[in-house]
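Here are some exercises to work through with the model open beside you. Try each task before reading its solution.

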Amino acid sequence: MTASSAEQLRKEGNELFKCGDYEGALTAYTQALGLGATPQDQAVLHRNRAACHLKLEEYEKAETEASKAVLTFEAGVPSPTSV
């Protein structure tokens, strides 16, 4: 699958989330993560997964996903000393 497939899955997940299908959205975001997205895109997908877990009242999983989002985003941002 390509990056456009990951983008399509993210959009599908967003639509499912809006409709209240948090399990379906979680599945779509998880599939998108498996497609080799950029660190910034991975951070967004982890953030979206955290939101699903919050809606499902799975607070520990939400915390884990939120932490992954922050760490993944920070890993993809170049440090000022590497310029």
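**Exercise 1. Work out how the span of helix α4 compares with the expected one, and which side of the helix is buried.**

*Solution.* Step 1: α4 covers residues 59-76, 18 residues in all, and runs 26 Å from its first C-alpha to its last, close to the 26 Å expected at 1.5 Å a residue. The expected span is 1.5 Å times one less than the number of residues. Helices (H or I, at least four residues) and strands (E, at least two) are DSSP runs, numbered from the N terminus. This is a predicted model, in which local features need pLDDT of at least 70 and side-chain atom pairs count only at pLDDT 80 or more, while totals for chains, interfaces and linings use all residues. Residues are numbered from 1 along each chain as its sequence is written, and side-chain values use heavy atoms, with hydrogens and water left out.

Step 2: list the buried residues of α4, which are A62, E65, A69 and T72. They lie on the same side of α4 because they cover an arc of only 95° around the axis, the arc being that of the directions from the helix axis to the C-beta atoms. Buried means under 20% relative accessible area, exposed over 50%, and partly exposed in between (1.4 Å probe, protein chains only).

Step 3: turn to the face directed away from the buried side, where the exposed residues Y59, E60, E63, L71 and A75 are found.

Step 4: find the packing partner. The buried residues of α4 pack against α3 (39-55), where contact means heavy atoms within 4.5 Å.

Step 5: look at G76, also in α4. G76 is partly exposed, with a relative accessible area of 41%. Its C-alpha atom is separated by 9.6 Å from that of Q42, 34 residues apart along the chain.

**Exercise 2. Describe α3 and the surroundings of two of its buried residues, H53 and R49.**

*Solution.* Step 1: α3 has 17 residues and reaches 24 Å from first C-alpha to last, close to the 24 Å expected at 1.5 Å a residue. Its buried residues are A43, L45, H46, N48, R49, A50, C52 and H53.

Step 2: take H53, which is buried at a relative accessible area of 5%. Leaving aside neighbours within four places in sequence, H53 is in contact with L26, E58, K61, A62 and E65.

Step 3: do the same for R49, buried with a relative accessible area of 14%. With neighbours within four places again set aside, R49 touches L26, Y29, T30, L33 and E65.

**Exercise 3. Which residue in the loop between α3 and α4 has a positive phi although it is not a glycine?**

*Solution.* Step 1: the residue is E57, in the loop between α3 and α4, with a positive phi of about 60°. Step 2: set this against the general rule. Most residues other than glycine have a negative phi. Step 3: check the accessibility; at 58%, E57 counts as exposed.

**Exercise 4. Which residues make up the largest nonpolar core, and which helix gives the largest share?**

*Solution.* Step 1: the core has 9 residues: A6, L9, A25, L26, Y29, A32, L33, L45 and C52. A nonpolar core is a set of buried Ala, Val, Leu, Ile, Met, Phe, Trp, Tyr and Cys residues joined through side-chain atoms within 4.5 Å.

Step 2: sort by element. α1 (3-18), α2 (22-33) and α3 each give two or more residues, and α2 gives the largest share, 5 residues. In α2, the buried residues are G24, A25, L26, A28, Y29, A32 and L33.

Step 3: compare with the general tendency. In soluble globular proteins, nonpolar side chains tend to be buried together.

**Exercise 5. How many disulfides does the structure hold, and are C19 and C52 buried or exposed?**

*Solution.* Step 1: there are 0 disulfides, a disulfide being a pair of cysteine sulfur atoms within 2.5 Å. Step 2: C19 is exposed at 67% relative accessibility, whereas C52 is buried at 0%. Step 3: apart from neighbours within four places in sequence, C52 is in contact with F17, Y22, A25, L26 and Y29.

**Exercise 6. Summarise the whole chain.**

*Solution.* Step 1: the chain has 4 helices and 0 strands, in the pattern α-α-α-α. Step 2: buried residues make up 28% of its 83 residues.
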